[in-house]
Amino acid sequence: MPQAVAGPEIERLIQLLGRMPGLGPRSARRAALQLIKKRETLLAPLADAMRIAADRIVVCHACGNVDTSDPCTICRDETRDPTTLVVVEDVSDLWALERSGAVKARYHVLGGVLSALDGVRPEHLTIALLVERASAPGVKEIILALNATVDGQTTAHYVTESLKPLGLTITRLAHGVPVGGELDYLDEGTLTAAIRSRTAF
């Protein structure tokens, strides 16, 4: 166990930062040191922003997005296409699609994927709510924007079967060669998906 180099308050800050995705012990120490060096311009405003966020963040009852209002900003946006629902695994996937600007539809966050290994079953996800939302008048298409993992594809299959009686158009994201990708660097699964999903040129 490495010896503490600072007081318990600073060590706790480092430990909490180290729990963040992408931050190991070294990165956490560097981040903590940067925050400490810039207390007035970075640490204090960040602490205030986190305190306010902790008090105000809610989960949207309609789609599962996180925001400071319920319904969320996306659900309240009247310029979005109400005929299309984009189904994602997690809020991070919703935010990624929004950054791309590729779709201007409404979303539905499942809250995870089915996983026999982890004991995640259909009742643990918001699949029933999805079916209810998809049954609303005017909804025509469901876009399954789930990760191309075994659990993601299992979930996509289950969701498709659950929605089948509604007679909606159900589509999924294309899988294959990314823009700028070189074939030599791609794995066999990606290449196979690209060949199977080929389109006319």
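The turns below ask how certain words used for this predicted model are justified.

Me: What makes the values for this model usable, and how are its residues numbered?
Reply: The model is predicted, and local features need pLDDT of at least 70, side-chain atom pairs count only at pLDDT 80 or more, while totals for chains, interfaces and linings use all residues. Residues are numbered from 1 along each chain as its sequence is written, and side-chain values use heavy atoms, with hydrogens and water left out.

Me: How do you know that strand 3 and strand 4 pair?
Reply: Strands here are DSSP runs of E with at least two residues, and helices are runs of H or I with at least four residues, numbered from the N terminus. Two strands pair if DSSP finds at least two bridges between them. Strand 3 (residues 81-88) and strand 4 share five bridges in the parallel sense, so the condition of at least two bridges is met. One example is Leu85, whose bridge partner in strand 4 is Arg106.

Me: What makes strand 3 and strand 5 a pair?
Reply: Strand 3 and strand 5 are joined by four bridges, again in the parallel sense, and in strand 5 the bridge partner of Leu85 is Ile142.

Me: Why are strand 4 and strand 6 called edge strands?
Reply: The open sheet has four strands in the order 4-3-5-6, with parallel pairing. Strand 4 (105-109) and strand 6 (169-172) are its edge strands, as each pairs on one side only. Neighbouring strands of this sheet are turned by 25 degrees against each other on average, direction ignored, where axes are lines fitted to C-alpha atoms, for helices over the stretch in contact, and angles run from 0 to 180 degrees between N-to-C directions.

Me: How do you know that helix 5 packs on the sheet?
Reply: Contact means heavy atoms within 4.5 Å, and helix 5 (residues 91-100) touches strand 3 and strand 4, its direction making about 160 degrees with that of strand 4. Helix 7 (residues 150-163) also packs on the sheet, touching strand 5 (141-144) and strand 6, and its direction makes about 170 degrees with that of strand 5.

Me: Why is strand 4 described as largely enclosed?
Reply: A residue is buried under 20% relative accessible area, exposed over 50%, and partly exposed in between (1.4 Å probe, protein chains only). Five of the five residues of strand 4 are buried, so strand 4 is largely enclosed by the rest of the structure. The chain reaches strand 4 from strand 3 through helix 5, and this β-α-β crossover is right-handed, a word used if, with the strands pointing away from the viewer, the path from the first strand over the helix to the second runs clockwise.

Me: Why is Arg99 called exposed, and Glu141 partly exposed?
Reply: Arg99, in helix 5, has a relative accessibility of 68% and therefore counts as exposed. Glu141, in strand 5, has a relative accessible area of 23% and is therefore partly exposed. Among the residues that Glu141 touches, not counting those up to four places away in sequence, are Thr83, Leu85 and Thr171.

Me: What makes the buried residues of helix 6 line one face?
Reply: In helix 6 (residues 127-134), the residues Ile127, Leu130, Arg133 and Ala134 are buried. Seen down the axis of helix 6, these buried residues fall within an arc of 115 degrees, so they line one face of the helix; the arc is that of the directions from the helix axis to the C-beta atoms. The face turned away from the buried side of helix 6 carries the exposed residues Ala128 and Glu132. The cover over the buried residues of helix 6 includes strand 3, strand 4, strand 5 and helix 7.
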